[in-house]
Amino acid sequence: MPESDQPFTRARSEAQRQDRLTQLTTATQECLEHTRAASLTLGDVAAAAGLAKSGILRYVGSREALLLRVMYDEHLRWIDAVADELRSAPPAAALARTLAARPVLCDLIAASPVLIGRLGPDDWDVLVTQAADAQRRLGAALQQSLPLSDEQLRSLTAAIHAFTGTAWAWTTPDSAGRNAMVTDFEATVSRLLGIFIAGLRA
């Protein structure tokens, strides 16, 4: 995709910065609907957002930081969906079903170990803050169906990401088109989380 020649006008106020970040994360999310996170370039995002790639870098710091910001936004929307699903489904099924409905989030979770490993110190601090916020919100959503201590919530959060990342990578055919190792992502994650949650309750 060709990169835009439109000059980058730096946002000066906090409101302008938030508007620019929303513009970039929205464009990135739209790109991820048809391009895997591991393959998405800043050039793709620049073309979708109608901005120069150099301007995006000055604003978000790096491709990895931008993708992880999108992952945070996707997490918040997913947690809202989990809260709704828990009204009619047990925790493991609700978590797995809502994850399966969000392929962009699953793909970002699968890519996140590599993305996180490339972050600079400032972006790492942002990630830690966002992760703590998402974990707190998840605990609140689960509170009535699955009350957890802080330690249990940390363990469940880690398990969700480990199971999701691995199952998604094994569900998605590779670039050569070879068959996936996992044929039913939702059922696999639901079983794994069911076993893990049973252990937390024991």
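In this predicted model, Trp78 touches Leu95, Thr98, Leu99, Arg102, Leu105, Leu138 and Ile160, leaving aside residues up to four places away in sequence. Leucines recur in that list, among them Leu95, Leu99 and Leu105, and the set also includes the charged residue Arg102.

Trp78 also has a place in a wider assembly. The largest nonpolar core has 56 residues, and Trp78, together with Ile56 and Leu156, touches the most other members. Helix α4, which spans residues 63–85, supplies the largest share of this core, with 9 residues. Both domains take part: at least three core residues come from domain 1 (8–60), and at least three come from domain 2 (63–201). As a general matter, nonpolar side chains in soluble globular proteins tend to be buried together.

From the core, the account turns to enclosed empty space. Rolling a probe the size of a water molecule over the atoms shows where such space is left. The structure holds 2 cavities of 30 Å³ or more.

The largest cavity has a volume of about 60 Å³. Its lining consists of Ala65, Leu68, Arg69, Leu119, Asp123, Val126, Leu127 and Gln130. Two elements, α4 and α7 (121–142), each give two or more residues to this lining. Of the elements, α7 gives the most, with 4 residues. Sorted by class, the lining of the largest cavity comprises 5 nonpolar, 1 polar and 2 charged residues. The charged members are Arg69 and Asp123, while Gln130 is the polar one.

The second largest cavity has a volume of about 30 Å³. Around this cavity lie Thr28, Leu40, Thr41, Leu42, Val45, Arg63, Leu66 and Leu67. Here the elements that give two or more residues are α2 (42–49) and α4. For this lining the leading contributor is α4, which gives 3 residues. The class composition is 5 nonpolar, 2 polar and 1 charged residues. Thr28 and Thr41 are the polar members, and Arg63 is the charged one. The lining of the second largest cavity draws at least three residues from domain 1 (8–60) and at least three from domain 2 (63–201).

Helix α4 links these parts of the description. This helix provides the largest share of the nonpolar core, gives two or more residues to the lining of the largest cavity, and gives the most to the lining of the second largest cavity. The two domains likewise meet twice in this account, as each gives at least three residues to the core and at least three to the lining of the second largest cavity.

Technical notes
Residues are numbered from 1 along each chain as its sequence is written. This is a predicted model: local features need pLDDT of at least 70, side-chain atom pairs count only at pLDDT 80 or more; totals for chains, interfaces and linings use all residues. Side-chain values use heavy atoms; hydrogens and water are left out. A nonpolar core is a set of buried Ala, Val, Leu, Ile, Met, Phe, Trp, Tyr and Cys residues joined through side-chain atoms within 4.5 Å. Buried means under 20% relative accessible area, exposed over 50%, partly exposed in between (1.4 Å probe, protein chains only). Domain bounds come from an automatic or database domain assignment. Contact means heavy atoms within 4.5 Å. On a 1 Å grid over the protein atoms alone, a cavity is a set of points where a 1.4 Å probe fits but cannot get out, and a pocket is an open set with protein on both sides within 12 Å along at least five of seven lines; lining residues have an atom within 4 Å of a point. Grid points are joined across faces, edges and corners, and a volume is the space filled by probe spheres set on the points.
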